[in-house]
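Work through the exercises below with the sequence and the model side by side. Try each task before reading its solution.

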Amino acid sequence: MPSRYNRHIGRDMTYPYDASPPDRQVAYIFDTNKCIECQTCTVACKTCWTSGKGQETIFWNNVETKPYGGYPIQWDLRLLEKLEPAEWNGDRLSTSTIFEIDGEKKPPLGHRPVVEDYAAPNLGEDDVSGNVSGGTAFGGIHPMWMFYLARICNHCVHPACLAACPRKAIYKRQEDGIVLVDQERCRGYQECVRACPYKKVFYNMVSRASEKCIGCFPRVENGMVALCVESCIGKIRMHGFLTTQAEPREDNPLDYIIKIRKLALPLYPQAGTGPNVYYIPPLHVPTGFLEQLFGPEVERSKKMYRELASDPKLLGALLLFGSTNRIIHRYEVQGEEAVGWDEHGEEVSRVPFQEPVYIREHYDRARSVYRHNTT
Ligand code: SF4
Ligand code: SF4
Ligand code: SF4
């Protein structure tokens, strides 16, 4: 059984598939502090990619409320029940990943949801962590909490779906690390559905094949960000590439935020798949809860986020979220502005640190009307 280094868990692990890393790795950053669960991302993906027969309950992008929401139902609780609670020695995982826990010869540890688990994508929406008694009002510090977790396929470094497929129908593209299911080769065994810890492969009962997020590869090939990223109302998302074959670059906003500053953290790194959607943890949620989701660096990440006002280089990278539909390859802070360039060196984004404020006269003399807030 080949062994390979997993940087998310700080050590080598066994992985039943031997492939060289891609030339560069597609990656995403989601700032959970800004998501409003409007589901625009969900609808954008659904209407473009999964509006066909058999895809009625397939959501490649979904947004769920934590602590109680989850789609398919309890996907993460079932994962945590099977995995022992994660224990870390510094940034090194002491417990086993899904590739190690059942012994090397077996497929990755997992479970296959039943059909009913896909029936209620918004179960638990807006539920808070405790009971709210009658007459409760906000008094400055709120003991209850919840937050919104947007989820897509992680285009993992060590994909469990790929490792589990007996038909070798799943592959990871060399040019960008996007993970795809070959619809011609797939015979619908659903071993990928069972193995993916994030439950981001879906079975289509009409085509009888498995399907998953395609990373919007036709857009990526043309230098554009994914649809779920471009459509995001809260501008919580950034989409680009991580450097894989050389040292991370300070002027690549994803390298800088993820690898150099480590502000954004992977979801359930203890599973061992090396996910490439990175989350900025919600400040108001107890760190103990978040550490099971995002690993041992949560408190450090929260501190960095709180101190952004005095960290212009990091703040500049975050200001570029949602500012363009082009993939930013290089960025720089120039005075009071953050500037981004695409792969061809063309400027595609320029965002001021301070938004200009325009004050309009309450009376429009040209039209002889008073202005209201809505006009
Ligand atoms: S569009 Fe953006 S803000 Fe709205 S739910 Fe999706 S990730 Fe959250
Ligand atoms: S998130 Fe799941 S479906 Fe996506 S690459 Fe990772 S293991 Fe495969
Ligand atoms: S990257 Fe594209 S295919 Fe994947 S969830 Fe987002 S919109 Fe859907």
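## Exercise 1: The shell around ligand 3

Task: List the residues around ligand 3, then sort them by character.

Solution. This is a predicted model. Step one is the list. Around ligand 3 lie C45, W49, W60, N61, I152, C213, I214, G215, C216, A226, L227 and C228. Step two looks for the elements that give two or more residues to this shell: they are helix 1 (40–49) and helix 6 (227–230). Step three sorts by character. Ten residues of the shell are nonpolar and two are polar, with no charged residue.

## Exercise 2: The shell around ligand 2

Task: Find which residues come nearest to ligand 2, and divide its shell by character.

Solution. Start with the count: 14 residues surround ligand 2. C153, C156, P159, C161 and C196 come nearest. Now divide the shell. Nine residues are nonpolar, three are polar and two are charged.

## Exercise 3: An open sheet

Task: Give the strand order of the open sheet of four strands, then find the helix that packs on the sheet.

Solution. The order is 12-3-14-13, and the pairing is mixed. Next, find the edges. Strand 12 (237–243) and strand 13 (265–266) each pair on one side only, which makes them the edge strands. Then take one pair. Strand 13 and strand 14 (residues 277–280) run antiparallel, joined by two bridges. L265 has Y279 in strand 14 as its bridge partner. Last comes the helix. Helix 7 (residues 253–260) packs on the sheet and touches strand 3 (24–31), strand 12 and strand 14. The directions of helix 7 and strand 12 make an angle of about 80°.

Technical notes: Residues numbered from 1 in each chain as written. Chains lettered and ligands numbered in written order. Predicted model: local features only at pLDDT ≥ 70, side-chain atom pairs only at ≥ 80, totals over all residues. Near = placed C-beta within 6 Å. Nonpolar A, V, L, I, M, F, W, Y, C, P; charged D, E, K, R; others polar. Pairing = 2+ DSSP bridges. Contact = placed C-beta atoms within 7 Å. Axes fitted to C-alpha atoms, helices over the stretch in contact; angles between N-to-C directions.
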